[in-house]
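Subject: Structure for you to look through

Hello,

Here is the structure I promised to pass on, with the sequence alongside. Please open both before you read my notes below.

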Amino acid sequence: MKTITTTDALAAFCAEAARQPYVTVDTEFLRERTFYSKLCLVQLAMPGTSDDEAVLVDPIEGDLDLEPLYALFRDPGVVKVFHAARQDLEIFQTAAGVIPQPLFDTQVAAMVCGYGEQVGYETLVRRIAKAEVDKSSRFTDWSRRPLTDAQKRYALADVTHLRQVYEVLSERLKSTGRGAWVQEEMAILSDPATYHTEPEEAWLRVKTRNTSPRFLAAVRELARFRESYAQSRDVPRSRIYKDDALVELASTRPTSEAELGRSRLLLREARRGEIAEGILSALKAAAELPAEAMPKLPRARSDQPQVNPALADLLRVLLKARAEAENVAPKLIASSADLDSIAAGGRDVAALTGWRLKVFGTEALKLCEGTVGLAVKGTSVVTVDLAE
């Protein structure tokens, strides 16, 4: 098990990897105590059948610059293969403004190839590589040194088996002509905006049933302050106040530290000092907003009564039928929110664009327009033309 702890060693490995068609990548990180993930380990493997082509890159124990790795990530001639890449990519985008290109996510590819929704790495390894992955080290503290042999074996397994998984899925995509489907999904993962939440938009992630403009204004200002504070100090949002406390504050709207101290859900540390001042300032700003400046929920959330429940149910049946016919995970085609939006008349949804339009969207629109219906044919659900 080779561990790289110097820039020269990393550069030598990356130079060799640059001559390969692909390299598999994974990371180990911690995020429990910070807003941004702390990179603890990078695992890399080149094509091959043994562990000799795989290495661990240790940014904690070693004195190294990751620039050779970032150069490899920018190399257009080498495919960078991840499984469930989003959190890994966020680390590199945040640390260096780098997103590996070209990119291949085996979880997305597996969904396109009919392995189910958000299939886990262990499942793919078992089904494709016919191997078992020891996950006993999954919840260890990756920031502690030295790493144990068990940790190293666990980490390497995440990239060594990934080679065979990638090769099998890649060939299947070529044979089915669905490589472009995966590339559409990679465009989302490759967008830097995917990994950054603007403080002004943080309120949209807070779940609430109250749609009162004044209440939503308080939610927006409280979420804005929390996001800015968390990012600037690199601490988790929950260390400032959790969503349930935020919603409570937006409902009660305290105007002083004394009133703030009566909150049932607010952490003790947030009842005084900078956080308390930020909360009170946010609530004051929300209270002073003119009516025309108050926020409104997007249509999918604020106009939910406009959803035709029967039509939404029919769309769910159609989605399941089309997903089974195409052997694609339904969730990859359309989310439940997409279906509700379509049933409410919305047309600016992902399910009605790109490859999804061909697989599902066109028939979904015809169903909404009443030009097709659903019927049972044998063991399958099919659409029937009602235009006549």
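By class, how many nonpolar, polar and charged residues does the lining of the largest pocket have? Before I come to that, please keep in mind that this is a predicted model, and that everything below was computed from it or, in one case, comes from a database record.

The largest pocket

Sorted by class, the lining of this pocket has 12 charged residues, together with nine nonpolar and six polar ones. The pocket holds about 760 Å³ of space, and of the 27 residues that line it, Thr 27, Glu 28, Phe 29, Arg 138 and Tyr 154 are the closest to its centre. If you would like to find the pocket by its secondary structure, look for strand E2 (22–30) and for the helices H3 (86–96), H5 (121–129) and H6 (149–176), each of which supplies at least two residues of the lining. Strand E2 gives the most to this lining, with six residues.

The second largest pocket

About 560 Å³ of space lies in the second largest pocket, which is lined by 21 residues, and those nearest its centre are Arg 86, Val 108, Glu 185, Ile 188 and Leu 332. Its lining has 11 nonpolar residues, six charged and four polar ones. Helix H4 (106–112), helix H7 (179–189) and helix H14 (330–333) each supply at least two of the lining residues, and H7 gives the most, with four. This lining also draws at least three residues from each of two domains, namely domain 1 (2–194) and domain 3 (302–385), and that leads to the way the chain is divided.

The domains

The chain is divided into three parts, which are domain 1 (2–194), domain 2 (199–293) and domain 3 (302–385). Taken over C-alpha atoms, the centres of domain 1 and domain 3 are separated by 34 Å, and the contact between them takes 12 residues from domain 1 and 11 residues from domain 3. In general, the size of an interface is often given as the accessible area that is lost when the parts come together. Here, domain 1 and domain 3 bury about 1,000 Å² between them, with 56% of that area on carbon and sulfur atoms. Which three residues supply more than any others of the area that domain 1 buries against domain 3? They are Met 111, Glu 117 and Trp 181, which supply 46% of it.

For residues 212–293, an unreviewed UniProt entry lists "domain: HRDC". Over that stretch the chain is 61% helix and 0% strand, and the C-alpha atoms at the two ends are 13 Å apart.

Details of the backbone

Three places in the loops deserve a careful look. The peptide bond from Gln 101 to Pro 102 is cis, with omega near -10 degrees, and Pro 102 lies in the loop between H3 and strand E6 (103–105). A cis peptide bond also joins Arg 145 and Pro 146, where omega is about 5 degrees, and Pro 146 is found in the loop between H5 and H6. Finally, Ala 84 has a positive phi of about 50 degrees although it is not a glycine, and Ala 84 lies in the loop between strand E5 (79–82) and H3.

With best wishes

Terms used: Residues numbered from 1 in each chain as written. Predicted model: local features only at pLDDT ≥ 70, side-chain atom pairs only at ≥ 80, totals over all residues. Heavy atoms only, no water. 1 Å grid on protein atoms, 1.4 Å probe; cavity = no way out; pocket = protein on both sides within 12 Å on 5 of 7 lines; lining within 4 Å. Points joined across faces, edges and corners; volume = space filled by probe spheres on them. Nonpolar A, V, L, I, M, F, W, Y, C, P; charged D, E, K, R; others polar. Domains from an automatic or database assignment. UniProt positions renumbered as here; feature names shortened; annotations may be inferred. Contact = heavy atoms within 4.5 Å. Buried area = accessible area lost by both parts, 1.4 Å probe.
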